[in-house]
Amino acid sequence: MSDTDLRDIEALNARTSDGIAVVTGASRGIGAAIAGRLGADGYTVAVHYRQDSTAATDVVEKITAAGGTAFSFAADLAEPDTGTAFWASYDAAAGALRDVPVRVLVNNAGIVVNGVIEETAAEDFIRQQQINTTAPFLIIKAALPRLADGGRVVNVSSGATRVPIPGIIGYTMTKGALEALTLPLAQHLGPRGITVNAVRPGTTDTDMNADWLRGNSEAMATIVAQRALGRVGGPADIADVVALLASHDARWITGQIIDATGGERL
Ligand code: NAD
């Protein structure tokens, strides 16, 4: 692709964000916030979920009630054939939109297996790797022909890759691998004008942390004290950073890992 072609794509993207944005794990938490924000920005949002169709429908309805466009589709990222099954389910739900290039792909879905290394069961470790690392790789791989030139890939990592948390070593490995994907993929897709970046949320108030954070004032105080910005993050704090990377304004940022922890343990 020539420089002129790339500039044409960038000019087009500056005028509109009316492409399709696919967000994995978007039925709740950070993913739901990302879907809502990208919907408000004008993308047609493909809301991926695993099994909670009611929650996914709720996200879709909120986007459409706000004047946006969205649809949902299901795929279990723990399945070995993730890439193929994910996009087959997407195609079935997208209908006539299935041939429209995907402008933004956000790999957000993930799980955390808590417990020190001594207590981590092999099957839990492998499942976590599959969902957090293998699935995004296979989803991106299968997406390459349908990603729009000038598009965006955003991977949701974790602040745990910068600040050690011994209770989640396996999880940290999965996110480290996701970050390692970012740099060479950005190089690989650069000639198509596609940017590839990662966002590192810190502890964010979602269901992922419900059991130890919500209603636990001591834990909350500890987390707050470790942040320069003095509060626990919410899903919207992360969604806005993802939206920034998805935007035309971020067209010159690629191969980067953006810390979005509110200044954790600076
Ligand atoms: P969450 O548990 O609320 O959401 C996780 C999402 O991933 C859910 O929608 C869930 O359905 C989906 N998911 C899990 N397993 C799946 C599977 N097998 N197949 C398909 N989808 C599956 O948690 P969240 O806090 O919203 O997490 C979103 C992302 O942010 C995750 O990648 C997480 O690792 C990352 N993150 C979260 C925090 C935090 O403190 N909440 C901190 C750093 C990074």
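Helix 4 and helix 5 cross in a right-handed sense in this predicted model. Two packed helices are described by the angle between their axes and the distance between the axes. Here helix 4, residues 82–94, meets helix 5 at an angle of about 65°, and the two axes lie 7 Å apart. From helix 4, the residues T82, G83, F86 and W87 take part in the contact, while helix 5 contributes Q130, A135, L138, I139, A142 and A143. By character, the residues of this contact comprise seven nonpolar and three polar ones, with no charged residue.

Helix 5 also leads to the sheet. Spanning residues 122–143, helix 5 lies across strand 4 (102–107) and strand 5 (147–156), and its direction makes about 170° with strand 4. Helix 6, residues 169–189, packs on the sheet as well, where it touches strand 5, strand 6 (195–201) and strand 7. Relative to strand 6, helix 6 runs at about 160°.

The sheet itself is open and consists of seven strands with parallel pairing, arranged in the order 3-2-1-4-5-6-7. Its edges are formed by strand 3 (69–74) and strand 7 (257–260), each of which pairs on one side only. On average, and with direction ignored, neighbouring strands of the sheet are turned by 20° against each other. At one end of the order, strand 3 is joined in the parallel sense to strand 2 (residues 44–49) over six bridges. In one of these pairings, T44 has T69 of strand 3 as its bridge partner.

The path now turns to a loop. Between strand 1 (20–23) and helix 2 (29–40) runs the loop that holds S27. Is S27 buried or exposed? The relative accessible area of S27 is 15%, so this residue counts as buried, the limit for that class being under 20%. Not counting residues up to four places away in sequence, S27 touches A32, V47, H48, Y49, D52, A55, A56 and V59. Among these partners, A32 belongs to helix 2.

A32 offers a second view of this region. With its neighbours within four places in sequence left aside, A32 is in contact with G25, A26, S27 and V59. V59 is thus named among the contacts of A32 and also among those of S27. A further relation concerns L266, which is 234 residues from A32 along the chain; the C-alpha atoms of A32 and L266 are separated by 29 Å.

Conventions. Residues are numbered from 1 along each chain as its sequence is written. This is a predicted model: local features need pLDDT of at least 70, side-chain atom pairs count only at pLDDT 80 or more; totals for chains, interfaces and linings use all residues. Side-chain values use heavy atoms; hydrogens and water are left out. Two strands pair if DSSP finds at least two bridges between them. Helices (H or I, at least four residues) and strands (E, at least two) are DSSP runs, numbered from the N terminus. Axes are lines fitted to C-alpha atoms, for helices over the stretch in contact, and angles run from 0 to 180 degrees between N-to-C directions. Contact means heavy atoms within 4.5 Å. Buried means under 20% relative accessible area, exposed over 50%, partly exposed in between (1.4 Å probe, protein chains only). A crossing is left-handed if the near helix is turned anticlockwise from the far one by less than a right angle, and right-handed if clockwise. Ala, Val, Leu, Ile, Met, Phe, Trp, Tyr, Cys and Pro count as nonpolar, Asp, Glu, Lys and Arg as charged, and the others, Gly among them, as polar.
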